[in-house]
Amino acid sequence: MILFSCLDRLSDLVGQDKPLRQVQGAIEFAAASAAPPARHLRPAAWVIPISDRAEGNSLVGKVRQRVTYRFGVVLAHGIENDRAGGRTTLEMEALEKAVIGHLLGWQPNEDMEEVLYAGARTVAFQAGLVWRLLEFTTASYVYK
């Protein structure tokens, strides 16, 4: 549910005059890893699950656990015709800033905490693309 909400939220950034050309989910990311998106479909983003971490029970006789959900937004940006990398670096920084700004502080639903930025890293240089992973967290509670 978090991932679908995030996909919907990031779709605001998709369009001809917007930072992204497409945003998709984890299944599509698996396919894109094998066959990167065409130039007209980039920059592109994929929302993927990373991990869920549950804390210990905070009640006696009942169950109440805080669960932190970590998810990622993988970005693919072309590096064609940019030998020195300056243009690509500036464009990637602007793209990351737009995605982070759009998710930071956003609440996926009323049961979730606000989204926090957890960091980023380059995951690959492949097929004329730079692939970056932006990580985010949110949390909620499970009860029984």
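Me: I have the predicted model open, and I would like to begin with strand 5. Is strand 5 enclosed or open to the outside?

Reply: Strand 5 is largely enclosed by the rest of the structure, because twelve of its 15 residues are buried. Keep in mind throughout that this is a predicted model.

Me: Which single residue could I use to see that burial up close, and how do I judge it?

Reply: Try Thr 137, which sits in strand 5. Buried means under 20% relative accessible area, and Thr 137 has 13%, so it counts as buried. Setting aside neighbours within four places in sequence, its contacts are Thr 68, Tyr 69, Arg 70, Glu 114, Val 115, Leu 116 and Ala 118.

Me: Now the sheet. In what order do the strands lie?

Reply: Five strands make an open sheet with the order 1-2-3-5-4, and the pairing is mixed. Strand 1 (22-24) and strand 4 are the edge strands, each pairing on one side only. From one strand to the next, the twist averages 25°.

Me: What should I keep in mind about side chains when I look along a strand?

Reply: The general idea is that side chains in a regular strand alternate between the two faces of the sheet. For a case here, look at strand 3 (residues 64-78), which is mostly covered, with eleven of its 15 residues buried.

Me: How many bridges join strand 3 to strand 5, and how many join strand 2 to strand 3?

Reply: Strand 3 and strand 5 run antiparallel and are joined by 15 bridges. You can follow that pairing residue by residue: Arg 64 stands opposite Tyr 143, Tyr 69 has Thr 138 as its bridge partner, and His 77 is partnered with Val 130. Strand 2 (residues 44-54) and strand 3 are also antiparallel, with ten bridges between them. There, Arg 53 has Thr 68 as its bridge partner.

Me: And what links strand 4 to strand 5?

Reply: Those two strands form a hairpin with two residues between them. In the turn, Ala 127 has a positive phi of about 50°. The strands pair in the antiparallel sense over nine bridges, and one place to look is Arg 121, which stands opposite Leu 133 in strand 5.

Me: Where do the helices come in? Which strands does helix 1 lie across?

Reply: Helix 1 (residues 2-10) lies across strand 1, strand 2, strand 3 and strand 5, and runs at about 150° to strand 2. Helix 2 (residues 26-34) packs on the sheet too, touching strand 1, strand 2, strand 3, strand 4 and strand 5. The direction of helix 2 makes about 120° with that of strand 2.

Me: Last topic: pockets. How does one find them, and what volume does the largest pocket have?

Reply: The general idea is that rolling a probe the size of a water molecule over the atoms shows where empty space is left. In this model, the largest pocket has a volume of about 160 Å³. Ten residues line it, and the closest to its centre are Thr 89, Met 92, Thr 122, Val 130 and Arg 132.

Me: Which element gives the most to that lining, and what is its chemical make-up?

Reply: Helix 3 gives the most, with five residues. The elements that give two or more residues are helix 3 (86-103), strand 4 (116-126) and strand 5 (129-143). By type, the lining of the largest pocket divides into four nonpolar, three polar and three charged residues.

Definitions and conventions:
Residues numbered from 1 in each chain as written. Predicted model: local features only at pLDDT ≥ 70, side-chain atom pairs only at ≥ 80, totals over all residues. Heavy atoms only, no water. 1 Å grid on protein atoms, 1.4 Å probe; cavity = no way out; pocket = protein on both sides within 12 Å on 5 of 7 lines; lining within 4 Å. Points joined across faces, edges and corners; volume = space filled by probe spheres on them. Helix = DSSP H or I, 4+ residues; strand = E, 2+ residues; numbered from the N terminus. Nonpolar A, V, L, I, M, F, W, Y, C, P; charged D, E, K, R; others polar. Buried < 20%, exposed > 50% of the residue type's maximum accessible area, 1.4 Å probe, protein only. Pairing = 2+ DSSP bridges. Contact = heavy atoms within 4.5 Å. Axes fitted to C-alpha atoms, helices over the stretch in contact; angles between N-to-C directions.
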